[in-house]
Amino acid sequence: MTFAAFASIVLIHLAAAISPGPSFVVALRVAAAEGFRVAAALALGFGLGAVLWAGAAMAGLALVFSVLPALFLALKFVGAAFLIYLAVQMWRHAAAPMPAPQADAPPRSALAAVRFGFLTFASNPKPAIFFGAVFVNLVPAATPLGWKAAILLAVLLNETLWYLIVARLFSLPRPRAAYARAKAWIDRGFGTLLALLGLKIALT
């Protein structure tokens with residue numbers, strides 16, 4: 001492992017993290033509806049989910065999937081079902097107004113948001129394929145443990161910091177107000193997008 005190879009991995013992953021997907025849809029909606037604190041915890045959950053897949057790829061998960069394709073098939077269906085469940089919930093509550101903060105009704109806890117973010121990211125098997133493809137070429141099996149730890153830390157920072165930016169942007173008053181005005185259409189649109197992503201995962 002060289003610094004150039006390490007930098008390549010970091011940049012490739014950053015480009016993948018920024019590309020829109022289920023996590024981006026969820027992060028935008030949570031930031032607009034629940035504010036920066038909850039969305040920031042969600043971002044950490046996404047980062048931990050990315051570390052899960054990256055670590056699994058380093059441990060040879062791609063090889064396991066090639067030997068046991070039924071395992072990957074099951075994982076695809078579970079992930080697709082979770083995304084479709086999120087889509088259904090967004091459609092069901094699309095017409096409901098954004099809840100006003102209440103003193104006796106605390107917002108979603110940071111731990112709950114981290115867990116939600118982790119489950120959202122972990123339910124998408126695409127990162128396993130991405131990390132497997134990248135690591136097969138750029139992270140040899142004999143890579144020292146220190147370099148592997150540095151790669152996992154970079155993956156965590158890339159995912160978390162990117163979604164912190166999304167959280168900050170869409171938790172500001174103007175984007176929140178715009179979201180509140182068009183909530184029904186936006187939620188239905190995002191719900192449809194999540195459902196399509198879920199179906200794509202299940203069928204490809």
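In which helix does Glu-159 lie? In this predicted model, Glu-159 is found in helix α8, and it makes a useful place to begin. With a relative accessible area of 3%, Glu-159 counts as buried, because that value falls under the 20% cut-off. If we leave aside its neighbours within four places in sequence, Glu-159 is in contact with His-13, Ala-17, Phe-46, Gly-47, Ala-50 and Phe-121.

Two of those contacts, Phe-46 and Phe-121, lead us to the aromatic rings. A pair of such rings is described by the distance of the centres and the angle of the planes. A search of the whole structure finds five aromatic pairs. One of them joins Phe-3 and Phe-6, whose rings are tilted, with 6.3 Å from centre to centre and 40° between the planes. Both residues belong to helix α1, which covers residues 3–18, and they stand three residues apart, about one turn of the helix. Their surroundings can be told apart by accessibility: Phe-3 is exposed, because its relative accessible area of 62% is over the 50% cut-off, whereas Phe-6, at 15% relative accessibility, counts as buried because it falls under 20%.

Another pair is formed by Phe-46 and Tyr-163, which meet edge-to-face, at 4.8 Å centre to centre and with 65° between the planes. This pair links distant parts of the chain, since Phe-46 sits in helix α3 (residues 36–58) and Tyr-163 in helix α8 (residues 145–170), 117 residues apart. Both Phe-46 and Tyr-163 are buried, and ring pairs link these two residues with Phe-121 and Trp-162 into a cluster.

Phe-46 and Tyr-163 also appear in the largest nonpolar core, which has 38 residues, and they are among those with the most contacts inside it, together with Val-26, Val-30, Leu-42 and Leu-194. Several helices build this core, for α1, α2 (22–34), α3, α5 (69–92), α6 (110–122), α7 (126–138), α8 and α10 (183–203) each supply at least two of its residues. Helix α3 gives the most, with ten residues. To follow one member of the core, we can take Val-26, which touches Leu-42, Phe-46, Leu-86, Phe-116, Thr-120 and Leu-194 when residues up to four places away in sequence are not counted.

A last ring to look at is that of Phe-36, where the partner is a charged residue: Arg-168 lies over the face of Phe-36, at 4.7 Å from the ring centre.

Methods
Residues numbered from 1 in each chain as written. Predicted model: local features only at pLDDT ≥ 70, side-chain atom pairs only at ≥ 80, totals over all residues. Heavy atoms only, no water. Phe/Tyr/Trp six-rings, centres within 6.5 Å; stacked < 30°, edge-to-face > 60°. Helix = DSSP H or I, 4+ residues; strand = E, 2+ residues; numbered from the N terminus. Buried < 20%, exposed > 50% of the residue type's maximum accessible area, 1.4 Å probe, protein only. Lys NZ or Arg CZ within 6 Å of the ring centre and 35° of its normal. Core = buried A, V, L, I, M, F, W, Y, C linked by side-chain atoms within 4.5 Å. Contact = heavy atoms within 4.5 Å.
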